[in-house]
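Let's take a friendly walk through this structure, one region at a time. Keep the 3D view open as you read.

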Amino acid sequence: LDRYRGTGTFLTEALTREALREIDRSLETEQPFFLYLAHYAVHAPFHSDPRFADHYRDRGLSPQAQAYATLIEGMDRSLCDLLDHLEARGIADDTLVLFLGDNGSDAPLGGPHDVASSAPLRGKKGSHYEGGMRAPLIVAWADADADRIAMRHPELPIRRGVIETQLTSVLDLMPTILAATGTSAPDAYRLDGADLSSLLAGVVEESRPERFLMHYPHAPHRSDYFTVLRDGEWKVIYHYRPTDSSGGSHYQLFRLSDDPFEANDLAASEPEVLRRMMQRLVEELEACDALYPIDESGKELRPIVP
């Protein structure tokens, strides 16, 4: 990025220009490309993008929230510039775009376990609540002409304007990209995820497990030393070292189908469900050869099934 030093170019814009440059370089050599464009926006520390600062100056927001808003707009502009470039180069109908985040919102609004940053969900990046765990994912062909895409890529139709409710994760992206490009991983390479092609086409996969394990045996962060298991409509959170955020208990249990905002902890009122979920959580951790936190004497702390 030395070419931008001293020019006043904001980092988001500099990375976008370099991405477009790399696309053009691939086209000159007539080679297919895989572009991974990971912006530092939107991430702390929140430095305001001067291109958009005036848009949020009189919105009644804190300086940090104003800066965060400019970073969001800058990232949106970057995506628009990328799509326009693909169209201008005549390759939009042959380019698949995956837009995603790697965690929940980190907006400087409210506390880490409040309904604020990721409203109406509870929590933010780094927390054990849904607002910290759910991440955006948008998949589409870069060409806006649905008929042209249907003719060009009948092997990977993507339904437009549809919100997919089945559970997916970032681990599913590699198998999906391999399938879309007609390639495969080496025989000895283990793929943890599953191809999303059917879901992108709007086909419900009855056999797809609605299960997600999140393990964080570390500290300090907004939530420390925890494991989360989502299984169907239920979600259990195990706290290795209970704190005020867990009500002083090892366990939190939520029925997300009725309570997506995690307002009602059912750990005490649903003991059988809690026991079943904790047994599954332990099984999942053991299958992953998980590492665990340790206490002051160096003893490993493992989940306790009630």
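## Reading burial in this model

A residue is called buried when its relative accessible area is under 20% and exposed when that area is over 50%, with partly exposed covering the range in between. Arg134, at 37% relative accessibility, is therefore partly exposed. Please keep in mind that this is a predicted model.

## The four-stranded sheet

A good place to start is the open sheet, where 4 strands line up in the order 3-4-5-6 with antiparallel pairing. Strand 3 (211-216) and strand 6 sit at the edges with a single partner strand each, so one side of each has no neighbour in the sheet. On average, neighbouring strands of this sheet are turned by 10° against each other, direction ignored.

Strand 3 and strand 4 (residues 226-231) run antiparallel and are joined by 6 bridges. Here you can find Leu213 opposite Leu229 in strand 4. Strand 5 and strand 6 are also an antiparallel pair, with 5 bridges, and Tyr238 faces Tyr251 in strand 6. How much of strand 6 is buried? The count is 4 of its 5 residues, so strand 6 is largely enclosed by the rest of the structure.

## Helix 7 and the largest core

Helix 7 lies across strand 3, strand 4, strand 5 and strand 6, and runs at about 70° to strand 5. In soluble globular proteins, nonpolar side chains tend to be buried together. The largest nonpolar core in this model has 17 residues, and those touching the most other members are Val236, Leu253, Leu274, Met277, Met278 and Leu281. Two or more residues come from each of strand 5 (234-239), strand 6 (251-255) and helix 7 (271-287). Helix 7 gives the most, with 6 residues.

Leu281 is a handy residue to click on. Beyond its neighbours within four places in sequence, Leu281 is in contact with Thr227, Val228, Leu229, Val236, Tyr238 and Pro303. Apart from this core lies another one, of 9 residues, including Trp141, Ile149, Leu156 and Leu199.

## Helix 1 and helix 2

Helix 1 (residues 11-28) has 18 residues and reaches 26 Å from its first C-alpha to its last, close to the 26 Å expected at 1.5 Å a residue. Its buried residues include Thr12, Leu15, Leu20 and Ile23, together with the charged-type names Glu13, Glu18 and Asp24. Helix 2 is among the parts that cover the buried residues of helix 1. Just after helix 1, Glu30 takes a positive phi of about 55°.Two residues of helix 2 are worth a look. Thr70 is in helix 2 (residues 63-88) and is buried, with a relative accessible area of 1%. Leaving aside neighbours within four places in sequence, Thr70 is in contact with His47, Ser48, Asp49, Phe52, Ala53 and Tyr56.

Gly74, also found in helix 2, is buried with a relative accessible area of 1%. Not counting residues up to four places away in sequence, Gly74 touches Thr12, Asp49, Arg51 and Phe52. The C-alpha atoms of Gly74 and Asp54, 20 residues apart along the chain, are separated by 13 Å.

## Salt bridges

How many salt bridges does a search of the whole structure find? The search finds 28. One of them joins the side chains of Arg134 and Glu130, at 2.8 Å from N to O. Glu130 is buried at 1% relative accessibility, whereas Arg134 is partly exposed at 37%. Both belong to a network of salt bridges that links Glu130, Arg134, Arg230, Lys235 and Glu262.

In helix 7, Glu272 forms a salt bridge with Arg275, the closest N and O atoms being 2.8 Å apart. These two residues are 3 residues apart in helix 7, so about one helical turn separates them. Glu272 is exposed, with a relative accessible area of 56%, and Arg275 is partly exposed at 28%.

Asp258 and Arg255 form a salt bridge as well, with 3.6 Å between the closest N and O atoms. Asp258 is exposed at 61% relative accessibility, while Arg255 is partly exposed at 29%.

Terms used:
Residues numbered from 1 in each chain as written. Predicted model: local features only at pLDDT ≥ 70, side-chain atom pairs only at ≥ 80, totals over all residues. Heavy atoms only, no water. Core = buried A, V, L, I, M, F, W, Y, C linked by side-chain atoms within 4.5 Å. Buried < 20%, exposed > 50% of the residue type's maximum accessible area, 1.4 Å probe, protein only. Contact = heavy atoms within 4.5 Å. Pairing = 2+ DSSP bridges. Salt bridge = Lys/Arg side-chain N within 4 Å of Asp/Glu carboxyl O. Expected span 1.5 Å × (residues − 1). Axes fitted to C-alpha atoms, helices over the stretch in contact; angles between N-to-C directions.
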